[in-house]
Structure formats: C-alpha cells, structure tokens
Amino acid sequence: MAKRKISADILAQLEKLDAKFDAMGQNLSSYLDGLLHSDYLTYWDYIRLDTLLSLQSPRTSFPDEKIFILYHQITELYLKLILVEQNQILEDFGKSDVAQFIKRLERINRYFDHLINSFDIMIDGMDREQFLSFRMSLLPSSGFQSAQFRLFEIGATDFYLLTEHEVHSRFTFKSPLKDIYENLYWKKGATELATGKKTLTLKQFEDKYADEFLQKASFAKDINIRQQYHQFFEGNKEVIKKLRTLDHKSNVAWPLVHYKSAVKYLQKDPNLIKASGGTNWQKYLPPKRKKIIFYPELWSEEEIENWGSKL
C-alpha cells in the first residue's frame with residue numbers, strides 16, 4: 001500500500017503545535033503518542049449520557065415522581081446556562097462592547113423563555129393526587145432550595161435591591177453585605193406562617209449556601225449587570241429593552257408560573273402548604289407582593305406600582 005504523503009498544511013500545523021508545546025516546556029511527540037493510542041470520542045461519552053440518564057432516583061413508586069425529578073434537573077441545567085452567560089458578562093467587565101453585552105443578554109432572555117414555557121410540565125404534566133402523595137416523602141426539601149437562581153439574582157443587580165420590600169428603604173449600595181443578606185426577600189418565603197420562625201427548609205439552605213452567596217455578592221458588587229449598564233451602556237435604547245425584558249422575565253413571568261403551579265396543586269386545601277416543604281408560597285411567589293425589580297430606573301412609577309399585576 002502506497003504511503004500517504006503528509007500535506008504542507010498538516011506539516012505547518014505540526015510546526016505550530018511543536019512551537020506551542022515547546023514554549024510550555026512540553027514534548028509534542030509525547031502528546032502525539034497519547035493521541036495515537038486514545039479511543040475515538042463518542043457523543044454518549046462526551047456528554048456523559050449514561051450517567052445523566054441514571055440520575056433520577058425516585059423515593060416512591062408513583063410514576064409521576066420521575067417526571068418531577070426530571071423537570072427540576074432540566075431547570076437546573078437551564079439555570080446553569082444562564083449563569084455561564086452571566087459570568088462571562090461579569091468577567092468581561094470593561095472589555096465588552098455594546099454588541100457583545102446585548103448578545104449575552106439576549107441569550108439569557110432566551111433561556112428564561114424556555115424555563116417559563118416549560119413550566120406547563122409542572123402545571124399539566126403530573127397527576128395532582130400522585131403529586132400530593134409522593135411530595136410528602138420529600139420533606140423538607142423544596143424547589144425554594146435552588147441556589148442557582150439566587151446566584152443569578154446577585155449578579156444581575158445591586159445586592160440591596162434584593163431586600164424585602166418592607167425594609168427596602170433601609171439599605172443602599174454602601175450597606176454592609178451581611179446586613180443586606182439577613183434581609184433578602186426570599187427568606188420570608190420559608191418562614192413559619194404562625195410564628196415567623198425559619199423553617200428547616202431555610203436553615204438547610206442557608207447552612208449550605210450562605211457563604212457562597214456572600215462571596216458572589218462581594219465579587220459582583222462593582223461589576224454586576226446593573227453596574228455595567230450605568231458605567232458603560234447607560235441610555236442605550238437596545239440595552240434598556242433587553243434589561244427590561246430580563247427584569248420582567250426574572251421577576252414577573254418566572255415567579256408567576258410557579259404561583260400558577262402552586263395554586264393548582266396546593267390552593268384547594270390550606271393544610272397542604274406542608275407539601276411545599278413549609279414555604280410560605282402565598283406571600284413569596286406573587287411578584288406584586290415582593291416587588292423585586294433589578295432595574296427600577298428603567299421603569300415608570302406607574303409600571304412599578306402595578307408590578308406583577310399581569311404578564
């Protein structure tokens with residue numbers, strides 16, 4: 001069999017690789033040996049498909065519990081996609097032009113579209129009686145304990161804008177981060193209705209993530225999306241449009257679909273609040289009650305007054 005002649009293009013690439021590895025004090029020949037003996041990459045190995053499809057471990061025999069698990073895993077993957085985009089915005093502070101900034105905001109908004117539209121799975125994709133039965137086996141866990149959305153919020157705006165509406169005026173950009181943290185709006189979503197004490201759901205959540213939240217708040221303080229808007233893109237009409245869309249999707253549309261789901265499964269019997277892990281969802285989910293707004297300067301007084309009244 002005739003020996004194949006190595007093309008000039010391949011030789012040029014090898015020379016570039018040799019220079020690259022030489023600059024790192026590495027030997028190209030050793031890396032080529034590794035490439036020679038390695039197996040071809042497959043789709044299922046690359047995305048860890050077998051592992052991914054094995055990560056559903058229901059606690060009961062109700063078939064719809066697997067749907068419940070799968071849906072939340074999909075949600076967390078979309079939230080991770082959002083954080084990947086947001087982290088690039090933060091890490092590129094002062095380096096991105098307006099086109100790049102808008103492109104990443106568009107991607108985040110698109111991911112939120114998928115999240116919002118997918119919630120029909122939770123609203124119509126499970127049998128109510130199955131849900132209320134298997135949900136009792138999952139206490140005190142709750143979707144409230146999803147940390148990725150909290151991390152996204154911290155990177156989206158100034159930390160003090162995430163405080164509970166009733167105490168909002170007490171805080172500013174310069175307030176100590178720990179003081180702000182103690183008054184974040186979502187904490188009221190996991191307090192006992194009768195006593196106002198923290199539920200086990202909230203205690204578990206804070207024990208695991210409080211340090212990470214404060215670290216993100218410190219990291220993002222001067223470089224979050226709101227700060228970048230004011231420092232580099234203030235007044236740009238297209239940026240304003242994307243930020244308003246992001247604000248509405250994050251703080252109106254997303255919590256409203258959660259609320260719609262909670263009403264369907266829990267509203268008919270007040271005692272069924274325990275099925276949410278003890279979260280005070282009646283106060284926590286409706287946007288018009290918590291009134292969290294990432295970019296209040298981009299909304300009129302009337303829009304803020306009617307925040308969350310309709311999609």
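Let's start with helix 11 (residues 200–220), where the buried residues are Thr201, Leu202, Phe205, Glu206, Tyr209, Ala210, Phe213, Leu214, Lys216, Ala217 and Ala220. Buried here means under 20% relative accessible area, exposed means over 50%, and partly exposed is what falls in between, using a 1.4 Å probe and protein chains only. Helices are DSSP runs of H or I with at least four residues, strands are runs of E with at least two, and both are numbered from the N terminus. This is a predicted model, in which local features need pLDDT of at least 70 and side-chain atom pairs count only at pLDDT 80 or more, while totals for chains, interfaces and linings use all residues. Residues are numbered from 1 along each chain as its sequence is written, and side-chain values use heavy atoms, leaving out hydrogens and water.

What do the buried residues of helix 11 pack against? They pack against helix 5 (64–91), helix 9 and helix 10 (177–181), where contact means heavy atoms within 4.5 Å. Helix 11 also bends by about 55° at tyrosine 209; the bend is the angle between axes fitted to the seven residues ending there and the seven starting there. The 21 residues of helix 11 should span 30 Å at 1.5 Å a residue, and its end C-alpha atoms are 29 Å apart, which agrees. That expected span is 1.5 Å times one less than the number of residues.

Helix 9 (residues 147–156) is mostly covered, with 10 of its 10 residues buried. Among them are Phe149, Arg150 and Phe152. Phe152 turns up again in the largest nonpolar core, which has 68 residues: along with Phe112, Trp186, Phe213 and Trp254, it touches the most other members. A nonpolar core is a set of buried Ala, Val, Leu, Ile, Met, Phe, Trp, Tyr and Cys residues joined through side-chain atoms within 4.5 Å. In soluble globular proteins, nonpolar side chains tend to be buried together. Leaving aside residues up to four places away in sequence, tryptophan 254 touches Tyr71, Thr75, Phe112, Leu115, Ile116, Phe119, Phe149 and Lys249.

Now for the start of the chain. The axes of helix 1 (residues 8–23) and helix 2 (residues 28–37) come within 9 Å and cross at roughly 115°. Those axes are lines fitted to C-alpha atoms over the stretch in contact, and angles run from 0 to 180 degrees between N-to-C directions. On the helix 1 side, Leu14, Leu17, Asp18 and Phe21 meet Leu28, Tyr31 and Leu32 of helix 2.

Here are some individual residues to look for.

| Residue | Where | Relative accessible area |
|---|---|---|
| Glutamate 15 | helix 1 | 60%, exposed |
| Arginine 48 | loop between helix 3 (43–46) and helix 4 (49–53) | 54%, exposed |
| Lysine 290 | helix 15 (residues 287–290) | 12%, buried |
| Lysine 291 | loop between helix 15 and helix 16 (301–305) | 18%, buried |

Arginine 48 has a positive phi of about 55° although it is not a glycine, and lysine 291 has one of about 45°. Where is proline 140? Proline 140 sits in the loop between helix 8 (128–134) and helix 9, and the peptide bond from leucine 139 to proline 140 is cis, with omega near 0°.

Stepping back, the protein has 16 helices and 0 strands. Of its 311 residues, 43% count as buried.
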